[in-house]
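Visitor: I am new to reading protein models, and I would like a close look at one part. Please take me slowly through the aromatic rings and their surroundings.

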Amino acid sequence: MPEPQNPEAEGDKAAAAPAVAQPAVEHAPGEGPPMSELTGMFVVKPESVTATKGKDVTFVAKVDSSNLTRKPAMKWLKGKWLDLASKAGKHLKFKETYDRNTKIYTYEMSIIKVVDGDAGGYRCEVTSKDKCDSCTFEVSVQAVQEDQQDNILEAFKRSGDAGEDAGDLDFSALLKKREKKPRDEEPKEEVDVWEILKAAKPCDYEKIAFQYGITDLRGMLKRLKKMRAEPKKSDAFLSKLDPAYSVDKGKRIQLTLEVADPDIPVKWLKNGQEIKPSAKYVFESVGNKRTLTINKCNLSDDAAYECVIGEEKCFTEVFVKEPPVTITKLLDDVHTVVGEKVEFEVEVSEEGANVKWMKDGVELNRETAGSKYRFKKDGKKHILIINEATTEDIGMYYAFTNGGESKAELEVEEKELEVLQSIADLTVKSAEQAVFKCEVSDEKVTGKWFKDGVEVQASDRIKMTHIGRTHKLVIDDVKPSDAGDYTFVPDGYALRLSAKLNFLEIKIDYVPRQDPPKIHLDTSATGSKNTITVVAGNKLRLDVEITGEPAPTVCWMKGDQEVSVTEGRVRVETRKTLSSFVIEGAEKDDEGYYSITVTNPAGEDKMKIFVKIVDVPNPPENVKCTSVGEDSAMITWDPPAFDGGVPIKGYLMERKKTGSSRWTKLNFDVYESTTYEAKKMIEGVLYEMRVFAVNGIGISQPSANSKPFMPIAPTSEPTRLMVDDVTDTTCALKWRPPEKIGAGGINGYIIEYSIEGSDQWVQANEEPVEKNQYRVKELPVGEKMLFRVVAVNMAGRSPPATLGQAVTIREIVENPKIRLPRQLRTKLITVVGEKVNLVIPFQGKPRPVVTWLKDDVLLEDKTVGTRTSEVDSILFIRSAERTHSGKYTLSVQIENVSDSADIYIQVVEKPGPPIAVHVTDVWGFNAALEWKPPKDDGNSEIIGYTIHKADMKTKEWFTVYEHNRRPSCTVSDLVMGNEYSFRVFSENICGLSDESGISKNTAVITKTGLLHNLAPYREKDMNCSPKFTAPLVDRSVIAGYTTAISCAVRGNPKPKIIWMKNNMIIGEDPKFLMQNNQGVLTLNIRKPSLFDGGRYSCMAINDHGEDKVECKLEVRALQEKGEQEKK
């Protein structure tokens, strides 16, 4: 952490913009393996300052781009890795400018109304392809009108009113500020904390820091160490390590220093522990340089390092930067009800990354969340789980990484109880069983049963059960007193389910033997006479009681067809006095009129019944988005083609983000209209909608998804609308884009005009124009016209931008005027073969007549082209020739008024060679040359000559003079006894001539003095007899381990080497390997045994003699560990 500045030393200088200053710590080179070279790219670096709280401060950095191949990229960082570009806003502002003349980029960072949270270390990094540079600076914050002691303590506190752009490290603003209680004590004397710390023991530092409110213990120790240290010159180090280094995670870094003694050993320490060489840590020693290389840096390498030589030490710190973790899958909005489980899932770019969860600006973690929230990690997925949602959980939830953020909204509504099956009316006979059954959506809901408003109590005959979502009331052995209205009331809900129990009393009357048949069927409970409604898929059992004597015959018919089957899905079951009509799994085709006819000898009876099959409706159709707003969209759909036989009660809507699989409910109460405005959407995000239809039976399947649509808002009105030009029938307008564009962008602009005083606007362009200018044509001459411009995008038209005053359509007369560019006011010099393209602007209305002249004669050269527009004229030459040199005149004329400008063009090329080059005189070691100027000077003045000389022996040319102004020169310092030739090049502004003028004669420097007779060379005889310079040495080895014996010999010519064992020559035995490396002789014995022991000798022989050395080799057997302990 950077050390805070001393407020006493800085004063109040922070309010002014900083000039060039010395950075606090230069960024360390050596981040490796280096992808770019660390170079000095900064012309001006930011300086460290002490800012006054509440005031503004600006930092300036300048970068020279004259040697760069592409535009440099600048980053402003705080601390190790916090990129301040993501915090740009009202508190942090950035500015970039470029000077084309000096090729210098200027970067500015402004902190508006400095707060305490802005204190700390900052760094700016600039990169361009293979080059990079960085510098660091510090910001300290001092309060207004506070004494010295308070400023010292504030330098180490991280508290204050940090806004949303102040950084991520300051959470003290969340703490409640406790009011200070007034005290009647006498004011305490000021205490110098640093004097206390100097005199205290290191073990008391933490206690003192806590007592005086110092929270940055590491920064305090750094400053205390600097205050205690006495600056002295190091005898062991020529150059020390930089104060700090920075490296990306996974990269390589090198720490390099220079020592005074190249042979002295050094130690490297990490956090006080000595580092051992390994693949991770590599030590290098080259001359006076000592280098520590750290490969594949990770977070554990973020530590303090030191190099120790004797009693002297050199310190540095290495900061490891983690790569930013980005969010690859964003959070989805959640709409739920109370008590449901909620999961927010986000996916990041790296496994093991840290994700911070926040709700409405308050951080959620394992310590503060308790049992309400759970945090789950699954690879790259991070999940926030809310076990049971309540209305207190409503709000915005955020997931933060160090490289991005995502947010989602949680909406929680009170849970509504849904009735899945209501209780039905019952008609039972005496001693039968009556069962009331209902089913609700929540299996945890309990309830009570009532009869005629009185709660039903359980008994041996009456039982109440609750299994899952089903509630039952069972009455055994029904009695007449059990008849009445039964109601089920769920606990905690304003809901009542009612049904009626009808007691069927059987009366036995004595009647004559013959009784006409009678059908006893009461359908009044169904709400419509002789109509029975059945839900599709359910079972219909219609029990019809029949009386008559003798027993009547029963016939069921549907339409004209008789239903007589006794088995199957549709069947008739007949007993003595009861006929049952059964439909298993009712279908739509079962709907229709059914009749029952009973006959006996005494007569007949007949009844018709209409069976109505009802079902859930079909899905709604043609769901589409008709219009969008900034955070809303208007959705329409068509009612379902089939309503299920029951009127449609309303609709339920759901939406989701395109690409997501999670649907969010938009309403819990049915919505009756077929047009719905969806709100609370995010601008610029694609959404899809689907709709459910609801009738009295249930909810339909979802409709097909709508086409993706994006909530966007029309732009604001265009700005700075103004008149650019007016003629007798046209008017040219120009404007600037709207200040607020939004995610929908701009498709173009529509221009409209109206006569002053009229409210009818005419559109000037059929299609929107993309440019910010337009010329309206075919306007009435002399009329006063009003103009307005609107921007158009997917959301529609923006508010119009209207001219404040009417424009009179008439020709504006303007005298001709040529605006000659500055570079053409002097002679234009160009090289033969290059292009010439001159653009000369002029003004004048109506359009002036343009004429070009060369040397006061009308320009008719076909190799010189001209092109003229309403505002400028262009003269271009594709390949310049010397004949194109001269004076060119441009003349513009309107009626009798004209203006002209002269342009001088000179086309040049390299000159020819000088002529008549010759040596005029030779004396001593000097030679005089003369020549004449070239015949062709290349249409430019000769500015000098270049003279070369060459020795006639080597024929190599060497430069004698450059830029010689005169056509003559004297060549000195020639070598005695050599003969020289000379050549001369002529030079103008294009450079040296391609050919040279060579001297016609040569200069001979004659020899003088005595000759030196050298003694004849005698070659030394290097032949000698062999002689061993290193003898063989006796050795004792263990059997089974490969060994070697060696010696060294010299002799010329190279001697022949013979190895012997016990005076026997060793042949091509593969067990022995004989080597000779520059006279060093080695005999390798592969896994020797006890039989390989003995006397070995080596003999060297050449033409001048021989020499011999020998040694004794003892081979010992390997002893077991137990045998060694016995001995």
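Guide: This is a predicted model, and a good place to begin is with Trp76 and Phe137, both of which are buried. The centres of their two rings are 6.2 Å apart and the planes meet at 75 degrees, and since planes over 60 degrees apart count as edge-to-face, the pair is edge-to-face. Trp76 belongs to strand S6 whereas Phe137 belongs to strand S11, so this pair ties together parts that lie 61 residues apart in sequence. These two rings also have aromatic company, for Phe59, Trp76, Tyr122 and Phe137 form one aromatic cluster.

The wider setting is worth adding here. The largest nonpolar core has 27 residues, and Phe42, Phe59, Met74, Trp76 and Met109 are those with the most contacts inside it. Among the elements that give two or more residues to this core are strand S5 (57–64), strand S6 (73–78), strand S10 (120–128) and strand S11 (131–142).

In total, the structure holds 17 aromatic pairs. Another of them joins Trp735 and Tyr749, whose ring centres are 5.4 Å apart and whose planes stand at 65 degrees, so this pair is edge-to-face. Trp735 lies in strand S55 (residues 731–736) and Tyr749 in strand S56 (residues 748–755), so the pair ties together parts that are 14 residues apart in sequence. Trp735 is buried, with a relative accessible area of 4%, while Tyr749, at 3% relative accessibility, counts as buried.

Finally, rings can have charged groups over them: Arg788 lies over the face of Trp761, 4.3 Å from the ring centre, and the charged end of Lys656 sits over the ring of Trp663, at 5.4 Å from its centre.

Definitions and conventions
Residues numbered from 1 in each chain as written. Predicted model: local features only at pLDDT ≥ 70, side-chain atom pairs only at ≥ 80, totals over all residues. Heavy atoms only, no water. Core = buried A, V, L, I, M, F, W, Y, C linked by side-chain atoms within 4.5 Å. Buried < 20%, exposed > 50% of the residue type's maximum accessible area, 1.4 Å probe, protein only. Helix = DSSP H or I, 4+ residues; strand = E, 2+ residues; numbered from the N terminus. Phe/Tyr/Trp six-rings, centres within 6.5 Å; stacked < 30°, edge-to-face > 60°. Lys NZ or Arg CZ within 6 Å of the ring centre and 35° of its normal.
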